[in-house]
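Trainee: I am new to this structure and would like to go through it with you. Could we begin with a pair of helices?

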Amino acid sequence: MSDATFRRLLRAEWTKFTTAPGWLTGTAAAALMIVLFAVLTAASADGDPTPVPVGPHGGPVSDSFYFMHRPLQGDGAITVAVTSLTTVVGGDPGAREATVPWAKAGLIIKAGAAPGTSYAAVMVTGGHGARMQHDFVHDRAGEPGQVSPVAPRWLRLTRTGDTVTGETSVDGARWSRVTTVRLAGLPGTVQAGLFVACPSDVDGRGTRTAAATAVFGHPDLQGQWAQGGWEGEQVGAGTATFGGYPPLPGEGAVDVHGPQMSGGSVPTGDGFTVTGAGDIAPAARFEVPRGGTVGDLLFGTFIALIAVSVVGTLFITAEYRHALIRTTLSAGPHRIRVLAAKTVVLGGVTYLTTLPATALAVPLGVRIARAQGLYLFPVSTGTAVRIALGTAALLALTAVFALGVGTLLRRSAAAVTTVVVAVILPHVLVLTPILPASAQRWLTLVTPDAAFAVQRTIIRYAHVDSIYTPSSGYYPLGPWTGLAVLAGYAAVALALAAFALRRRDV
């Protein structure tokens, strides 16, 4: 068949699509739902005036820890031994000792005591050995192992201009460099000293508050340090990423004041015992009260999927129902070309109709949500473009998948039901707390719901234990990989439809 003949088929299918009652209207309604739900979701947002700390990378951070510090002017170094790090999980009277893998205790140099300021820290952890972290999103592993009175760990942090070097030692004599980092714009005078942090304990049952206690030796100082004693304070009290933690028994226990908590310290020999909670890391979504993501604004995609699924199946099943399929195939006897023409028209119209809607819904929804005081996790321009393009592609591929299923089954009710079960039902199950996290993950890997990864904006950091589930905005597959899963379903449906169309007498 010549290209001219295929163009004639395209014109014929385009004419059918634009003249048949409801098809163009259904596609336009899908686009309208995307914009409408973005506006309604944003307008109904209940913002929170509590400030959200923002790190040097521009994203929200959890910057809550107990800090014993002194000003350091210019270059210098601080060395200390850590002989113990213990954690307590759960509230009083149910508090119990447990290992929190990312409990942290060590040395930190920070541009200022305000939450979100640039920092570099070398530390021991509850379950990941020695680490060096800086500016919230960067993490480097050091020597493995946990600390104890019989296996202490020495830490050293050295500032030279804008660079900070972290080192560890098992005996205080032989040192191993973890890494050297550069903190751009580090002021001449910084706050430096000891810190303890302990994030909430996260497991399959959810999150439980926790706090950590560390025993430090006497800090050895080099350089121009301010005279006087150490000043202790709880960094991050009153910020959006700092919640109440349980009181701990004994000296150095935390003090709870209403919903907020402050850590504490007591002298121990020639050193200190310090207790703290919170975390120094990129903020997890559940740590930002009434926070949201750009993907939340696109809830209308779910409604739009239903509309394009119905249109996609009716585009072929209506011809079977009204006995028009013979006329269609007699006008284009090469049946595969007919199916290809329907695919191009349906997919193209769906994509070009919904793309302006997704491109409008994202910035409009963000603007309204922020006006309402809702904090949205920031996204780059490239990510916003990916979400708009990918969401339109998700809808177009779903319509094409529905076309393939409709060609196979030939009956509208059966085809729509099949598409809804394959595409819509997994998304409903993923977004509700009915299924355990493992089942949610499986659904987002092997079902068409994987395509919703194109709306993902939550980044998973290896050094942050959090609730990484689709309902919290995280999908295990990459954006385009997830979309490829749906494309695979559409391709299989079309291949089976083409085989059936060639084999059977319509």
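Mentor: Certainly; please bear in mind that this is a predicted model. In helix α3, residues T301, A304, L305, V308, S309, G312, T313, F315, I316, T317 and Y320 meet T391, L394, L395, T398, A399, A402, L403, G406 and T407 of helix α6.

Trainee: How many nonpolar, polar and charged residues does the contact of α3 with α6 have?

Mentor: That contact has 11 nonpolar residues, nine polar ones and no charged ones.

Trainee: At what angle do the axes of α3 and α6 cross?

Mentor: The axes cross at roughly 30 degrees and come within 8 Å. The crossing of α3 and α6 is right-handed.

Trainee: And how do α6 and α9 cross, left-handed or right-handed?

Mentor: The crossing of α6 and α9 is left-handed. The axes of α6, residues 381-409, and α9, residues 479-503, come within 8 Å and cross at roughly 20 degrees. Because of that angle, α6 is roughly parallel to α9. By class, the contact between α6 and α9 has 20 nonpolar, four polar and one charged residues.

Trainee: Let us turn to the interior. How many residues does the largest nonpolar core have?

Mentor: The largest nonpolar core has 62 residues, and F17 and L394 have the most contacts inside it. The elements that give two or more residues to this core are α2 (23-43), α3 (300-321), α5 (335-371), α6, α7 (412-431) and α9.

Trainee: Which of them gives the most to this core?

Mentor: Helix α6 gives the most, with 10 residues. As for L394, its contacts are T301, L305, A451, F452, V454, L483 and L486, leaving aside neighbours within four places in sequence. Another core, of 38 residues, lies apart from the largest one; among its members are I109, V164, A192 and F272.

Trainee: Is there a general reason to look for cores of this kind?

Mentor: There is a general tendency: in soluble globular proteins, nonpolar side chains tend to be buried together.

Trainee: What about the chain as a whole? How many helices and strands does it come to?

Mentor: The secondary structure comes to nine helices and 23 strands. The chain has 506 residues, and 53% of them are buried.

Trainee: What share of the contacts between residues at least 6 apart in sequence join residues at least 24 apart?

Mentor: The share is 74%.

Trainee: Now helix α7. Is H427 buried or exposed?

Mentor: H427, which lies in helix α7, counts as buried because its relative accessible area is 6%, under the 20% cut-off. Not counting residues up to four places away in sequence, H427 touches F302, D449, F452 and Y475.

Trainee: F452 has come up before, I think.

Mentor: Yes, F452 is in contact with L394 as well, and F452 is one of the residues touched by H427.

Trainee: And why does L429 count as partly exposed?

Mentor: L429 is also found in helix α7. Its relative accessible area is 24%, and the partly exposed range runs between 20% and 50%. Leaving aside neighbours within four places in sequence, L429 is in contact with L435 and L443. L429 and Q440 are 11 residues apart along the chain, and their C-alpha atoms are separated by 7.5 Å.

Trainee: Back to α9 for a moment. Which residue there should I look at?

Mentor: One of its residues is L501. L501 counts as buried because its relative accessibility is 3%. L501 and L408 are 93 residues apart in sequence, with 7.9 Å between their C-alpha atoms.

Trainee: A last topic: the loop between β6 and β7. What is phi of D135?

Mentor: Phi of D135 is near 50 degrees, a positive value in a residue other than glycine. D135 is found in the loop between β6 (130-134) and β7 (138-141). D135 counts as buried, given its relative accessibility of 13%.

Trainee: And what of F136, in that loop too?

Mentor: Phi of F136 is near 75 degrees, again a positive value in a residue other than glycine. F136 is buried, with a relative accessible area of 0%.

Technical notes. Residues numbered from 1 in each chain as written. Predicted model: local features only at pLDDT ≥ 70, side-chain atom pairs only at ≥ 80, totals over all residues. Heavy atoms only, no water. Axes fitted to C-alpha atoms, helices over the stretch in contact; angles between N-to-C directions. Helix = DSSP H or I, 4+ residues; strand = E, 2+ residues; numbered from the N terminus. Parallel < 35°, antiparallel > 145°, perpendicular 65-115°, else oblique. Left-handed = near helix turned anticlockwise from the far one by under 90°. Nonpolar A, V, L, I, M, F, W, Y, C, P; charged D, E, K, R; others polar. Core = buried A, V, L, I, M, F, W, Y, C linked by side-chain atoms within 4.5 Å. Buried < 20%, exposed > 50% of the residue type's maximum accessible area, 1.4 Å probe, protein only. Contact = heavy atoms within 4.5 Å.
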